[in-house]
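Here are my notes for your review. Please read them with the structure open beside you.

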Amino acid sequence: TAKSHYSQDAPHRLTLTTGDAIIIKGETENWYFGYKKDDRHQQGIFPKSYVVIVDAIRSSDGWKIRRSPIVEEITTILIEWQSHLLTYYLSDKQKFMKIQEKMLNLIKLRQQLLSGNLPTDEFRELKLKATEQIDTGNNMLSLDMVVRDDAGNIIDFGLISTTQLYELHCKAVERIKQSTTNGANGGTSTTARNRSSKNYQSISHNFLVTLNSVQCKFVDDMELLFTLYAMESKEGNQTPQIYQLTENYFVPWMKGDTYKDKKMLFTDLSTEDMNRSKIFLVAFMVRMGAMEARDPDAQPPKGLKGLFEAPRRESSTSTQSLVIDQLRRPFGVAILDLTPIKDNPHTFNDCAEMSIHTNEKECLESFLKRCLLNRDQLSSDGRSISVSVEKVDGDIKQIKDDYSHIERNLTFARKMGFPEVILPGDVRNDLYLTLMGADLGKSLKSLWTDNNIEICVSVCTDKGEIVPNSISKGGGASLENEYKSVIYTKDDRPKWNETIKIVLPIENFKHCHVKFLFKNRHSQEAKDKANKPFALAHVKLMDADETAIQQGEHSLAVYKIDKKADIGSMLHNYIDLPTENSQANALPEKPSAPGFAFMPKDSFIVKTNLCSTRLTQDAQLLSLLNWQSNPSQLVHSLENLLQVQPSEMVKFYQDILDTLFNIFCEYPEHEKLVFKCIIRLIDIVSNPKYRLFESVLDVYIKEGFSATLAYRKLIDIVRLKIFETVHYSEDATDSQLFSVLKYLQYIMKFTIQSRILFMNVAQLNDQAEFDSLIEGLLLAFNQLISKQGKVLLKSKGAVLKYLHVVASDLIKVYDPIKLR
């Protein structure tokens, strides 16, 4: 099919018009030879780039393009509606206009569906819009209703049960009713949007940013740290809350270099994030060079030109010599409001300019917040960063599959938190560490005069050895052995608010800590070389109970380093010292170690944010996951699990299920308590807040579940619970039984999958025994439903609601003839 016009005044060329169907008879590397389907006499050659190959089938009339089922349905519907349109034109002009509008909408949708260039998600979205137009139009014309599934596919009645068909029929009636009400103006109704979001709308939102150029003169090299910030408005005149959403994306900008079309992807934003009042793209700009910035337009002093062209060069005979290593100094920030793009992503296609605002004295984040709060008063001096921004939806794999212009090896910056759903296989172990600020002016004031404090951060083992390649500045950055902070001059209470990422294997967390060395930097090389670190702080990554470091701020104890001490010989003297001020101040005597003295009046604040699917900060959850190390506390651990916050449990959902089913099969005496915990886990994903985790549970049952013996216990527990409630409970209370039976669908999925796994592993002829178990369970269902009176109505309703679903799964392991 021709996707664009082609006409060339040359021999043997075939002129093409967009949409022409062409039969290809031969080809070379870049050309096709063929003829138009409607005119065999028009033959010739044409470039391959002007056509798209489509499937075709041979019919009695020749070749016919194979269309997708939805395109064929639209074609049939348009032909059918055409005959009704003339009738309404003569009898009911208002209905005629409505049907005509729907037909025009379907024609447009058909054209889009035929384009062949749609991402998978967009095709599905268009399909749902088309099926909504068809269903509401058929209803308007009093034609037969088409029963569909939630994806818009027509149901094959031969493949489903009568109860399923009835349920789908009721859903279709309700859907058409809502569509007719909400979509009366011919637009996309709420129902269509809900159907789309429930099944296909991406659970993760992302921004693809392309760095085009930087319009700013640099004398020194620069570091550009791109990230996303959110602003949340408060009621009344309260100051809006401003906070960082994603980790940084690191772009080194060497003077004279160009990074045309440098792409960066900010991922994992949730629907809640996208509903924030404002979202900003921010670039922190850090200058790499001497302590004092130089005018980019100024000429270097005569005789010193070579020095100023090479910031790393050794010092000369000049009285103001340069430092050997480059210092990280603040330069400024650049800001772009992404709110219009997130709210109307299809209307933004052009480049945007991020105006650069410079400030070399104030903490960059403090300066950023001041700029955001007073952005109406900001002015531009012409310096800016040019970027293009595109909002893309889906997880990383889906994005790379659906958006062909995104490189497969594109690096990305993740949200400093979890996405809405933690999918199976999404293993993450990121610890974000923020250097907040320090108060070092009380006890350490006599140690320096300039107050140009730099922090050197490193990850060390319990022997004091630095762990290589364990620190990252963010997405796009290579791993480093240590991190050096930005230097703010003449400040004994500096604030940094710089965030880095600690990257360690899970097994190393237990034996590692983060060390912070404080050093005063000078602009003159001789003084700078003579300065050693004057203080130290450290924080352990795992507590004594083997839970990971807790979220939030930590006030760390600061230890003065003896000037005369050899730091190299005291690598691990400090390791046993208290890490936090609260711990050190609680001791009867001031803690110390050879070469280190505690400074009770000083403090250093860091903030930690752990995003891990393997490490937990909850001691109760950890005790269950590690139950084999202390089996005597198993009952206590199971009982405590019922009190763990759902937000922590969903991060380890599959690990908890694995643990529970292992205990379930090993310890019969605890099976009722374990079953209660399993029901608790299923209950969590039925909560609207965690509803998207249902997909995780479904995938776990199909791919991760491995308890081959669980089916017997599950059947017995459910059967006995029904039997005891129906026959022995005097008041026959509904609440306890209903709390189990409302999840009958998932209980039976676990049961059936367990039986399938057992049959694949064991070569036993025990089908008769299993049939007896199932028949006992079905008898219990029958006794419950047959119980007279108005008692247990909710439990009866739960059984009736899910019985057809259970039956459709049960035929995998039970004789369908017996089931009938």
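1. Start with the three-stranded sheet. In this predicted model, three strands make up an open sheet in the order β1-β2-β3, and the pairing is antiparallel. The edge positions belong to β1 (22-27) and β3 (39-47). Each has a single partner strand, so one side of each lacks a neighbour in the sheet. On average, and with direction ignored, neighbouring strands of this sheet are turned by 30° against each other.

2. Next, the β1 and β2 pairing. Strand β2 covers residues 31-36 and runs antiparallel to β1, with five bridges joining the two. To find the register, look at G26: its bridge partner in β2 is F33.

3. Now the helices. Helix α1 spans residues 69-91 and helix α2 spans residues 93-114. Their axes come within 9 Å and cross at roughly 160°. Angles over 145 degrees count as roughly antiparallel, so α1 is roughly antiparallel to α2. The crossing of α1 and α2 is left-handed.

4. Which residues of α1 and α2 make the contact? On α1 they are I70, V71, I74, T75, I77, L78, W81, Q82, L85, Y88, Y89 and S91. On α2 they are K93, K95, F96, I99, Q100, K102, M103, L106, I107, R110, L113 and L114. By type, the residues of this contact comprise 16 nonpolar, four polar and four charged.

5. Move on to the seven-stranded sheet. This sheet is open too, and its order is β19-β17-β21-β22-β24-β26-β25. The pairing is antiparallel. At the edges stand β19 (482-484) and β25 (592-593). Each of these has a single partner strand, so one side of each is left without a neighbour in the sheet.

6. Strand β22 deserves its own point. Is β22 largely enclosed or open to its surroundings? Five of its six residues, in the stretch 535-540, are buried, so β22 is largely enclosed by the rest of the structure. "Buried" here means under 20% relative accessible area.

7. Finally, the partners of β22. Strand β21 (residues 512-520) pairs with β22 in the antiparallel sense over six bridges. Within that pairing, F516 stands opposite A537 in β22. Strand β24 (residues 559-561) also pairs with β22 in the antiparallel sense, over two bridges. There, L536 stands opposite Y559 in β24.

Key:
Residues are numbered from 1 along each chain as its sequence is written. This is a predicted model: local features need pLDDT of at least 70, side-chain atom pairs count only at pLDDT 80 or more; totals for chains, interfaces and linings use all residues. Side-chain values use heavy atoms; hydrogens and water are left out. Axes are lines fitted to C-alpha atoms, for helices over the stretch in contact, and angles run from 0 to 180 degrees between N-to-C directions. Helices (H or I, at least four residues) and strands (E, at least two) are DSSP runs, numbered from the N terminus. Angles under 35 degrees count as roughly parallel, over 145 as roughly antiparallel, 65 to 115 as roughly perpendicular and the rest as oblique. A crossing is left-handed if the near helix is turned anticlockwise from the far one by less than a right angle, and right-handed if clockwise. Contact means heavy atoms within 4.5 Å. Ala, Val, Leu, Ile, Met, Phe, Trp, Tyr, Cys and Pro count as nonpolar, Asp, Glu, Lys and Arg as charged, and the others, Gly among them, as polar. Buried means under 20% relative accessible area, exposed over 50%, partly exposed in between (1.4 Å probe, protein chains only). Two strands pair if DSSP finds at least two bridges between them.
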